[in-house]
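Student: Could you take me through one part of this model, close up? I'd like the sheet, and then whatever else you think is worth a look around it.

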Amino acid sequence: MVAVIGASSAGLLSAYLLASAKIPVQVLEARPEFEPEERTLIATHALCDILEFDFSTTILNRITNFRLHTKGQTVTIPVSKPDLVIERRALLKLLLGNASSVGAKILLGCKVKEVKAYFDHVKITAEKDGTLQDFFCDYVIVASGVQSVRGSSEIEGQYKTVGICQVRVDMPEYGNTDTVDIWFDTQTTKFFYWLIPEGIDMGVVGVIAETKEKAEFILDEFVKKNRMNVRQRQKADIVPLPPLVMKSKYKKDGRILFAGDSCAQVKATTVGGLVSGLKGGIACARSILAGRPVDEFLK
């Protein structure tokens, strides 16, 4: 039996792949109801190669150009294959449904407190309905994000984090539905601002900063300065800031594996984690199925 901690995109995809191969899988998710926060994501066309099922209902738009702005100069860079603008909430619900349909058990309201690995199994202690319960499994895939399981020395993450914040706005007149605008302003952030068009009349503006609070503050200033009309705020969050050279993370003879934000499987240049996190989930599933180290399946 395999336990997946966290109903994230990486966790749910690994659960789907394992359950499809007739491996018993339980997904332990802390939230009592599965209602993920809305967030607009952009992913490379590689997503089409990763997901073997139809996910077209989660696609908001397709991007063919990136327009970079810095110090009064602008340059437009086309991409060879369109990037995809994805609604994260819709994608997570699709992944959850797919995992459930092939036999994965989804345990909501199950907050993991401790993970303990032994020679031939792993014990998970979780709180559900106000009581502590123990789960025993052969493998654990940790896919619960940068928070992991605080206080559990077996899995607690050690990665630096940054803040990310986005708001939906009316598309400005200069916006193009097939073009992402990116602004570099070293006076306010060492990262960048972006405008991702979701359609003809709406887009999402965002920024990365050292902390979540700073990201919220400087994004509000940016929106005011550029006279953008805000339609909806998307919840600010923290994401891992990975080193430039990444290796997989696993412990106790490979019985505890990690995927997605839990092991900073994100792009170092943009801290985008959808494609790389899903690849991590696939690698974990393949490692368990083949009985070989997860490093062999990471590309």
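Tutor: Here's a walk through the sheet, followed by some loops, rings and helices. Keep in mind that this is a predicted model.

The sheet is open and has 8 strands, in the order S3-S5-S4-S12-S13-S14-S11-S15, with mixed pairing. Its edges are strand S3 (40-43) and strand S15 (230-241); each has a single partner strand, so one side of each is left without a neighbour in the sheet. On average, and ignoring direction, neighbouring strands here are turned by 30 degrees against each other. As background, strands of a sheet pair through backbone hydrogen bonds, in either a parallel or an antiparallel way.

Now zoom in on one pairing. Strand S11 (residues 160-170) and strand S14 (residues 202-209) run antiparallel, joined by 8 bridges. If you want a spot to click on, try Ile164, which stands opposite Ile208 in S14.

Two loops come next. Lys71 lies in the loop between strand S4 (59-70) and strand S5 (73-87). Its phi is near 50 degrees, a positive value in a residue other than glycine. With a relative accessible area of 81%, Lys71 counts as exposed, because the cut-off for that is over 50%. Arg227 sits in the loop between helix H4 (212-225) and S15, and phi of Arg227 is near 55 degrees, again positive in a residue other than glycine. Arg227 is exposed too, at 81% relative accessibility.

On to the rings. The model has 6 aromatic pairs. One of them is Tyr174 with Trp183, an edge-to-face pair with 6.5 Å from centre to centre and 80 degrees between the planes. Trp183 is buried at 14% relative accessibility, whereas Tyr174 is partly exposed at 39% relative accessible area. Both belong to one aromatic cluster, together with Tyr193 and Phe222. There's also a charge over a ring: the charged end of Arg255 sits over the ring of Tyr139, 5.6 Å from its centre.

Last, a helix pair. Two packed helices are described by the angle and the distance between their axes. For helix H1 (residues 9-20) and helix H3 (residues 88-101), the axes come within 8 Å and cross at roughly 25 degrees. That makes H1 roughly parallel to H3, because the cut-off for this is under 35 degrees. The crossing of H1 past H3 is left-handed.

Technical notes:
Residues are numbered from 1 along each chain as its sequence is written. This is a predicted model: local features need pLDDT of at least 70, side-chain atom pairs count only at pLDDT 80 or more; totals for chains, interfaces and linings use all residues. Side-chain values use heavy atoms; hydrogens and water are left out. Rings of Phe, Tyr and Trp (its six-membered ring) pair if their centres lie within 6.5 Å; planes under 30 degrees apart count as stacked, over 60 as edge-to-face and the rest as tilted. Buried means under 20% relative accessible area, exposed over 50%, partly exposed in between (1.4 Å probe, protein chains only). A charge sits over a ring if NZ of Lys or CZ of Arg is within 6 Å of the ring centre and within 35 degrees of the ring normal. Two strands pair if DSSP finds at least two bridges between them. Helices (H or I, at least four residues) and strands (E, at least two) are DSSP runs, numbered from the N terminus. Axes are lines fitted to C-alpha atoms, for helices over the stretch in contact, and angles run from 0 to 180 degrees between N-to-C directions. Angles under 35 degrees count as roughly parallel, over 145 as roughly antiparallel, 65 to 115 as roughly perpendicular and the rest as oblique. A crossing is left-handed if the near helix is turned anticlockwise from the far one by less than a right angle, and right-handed if clockwise.
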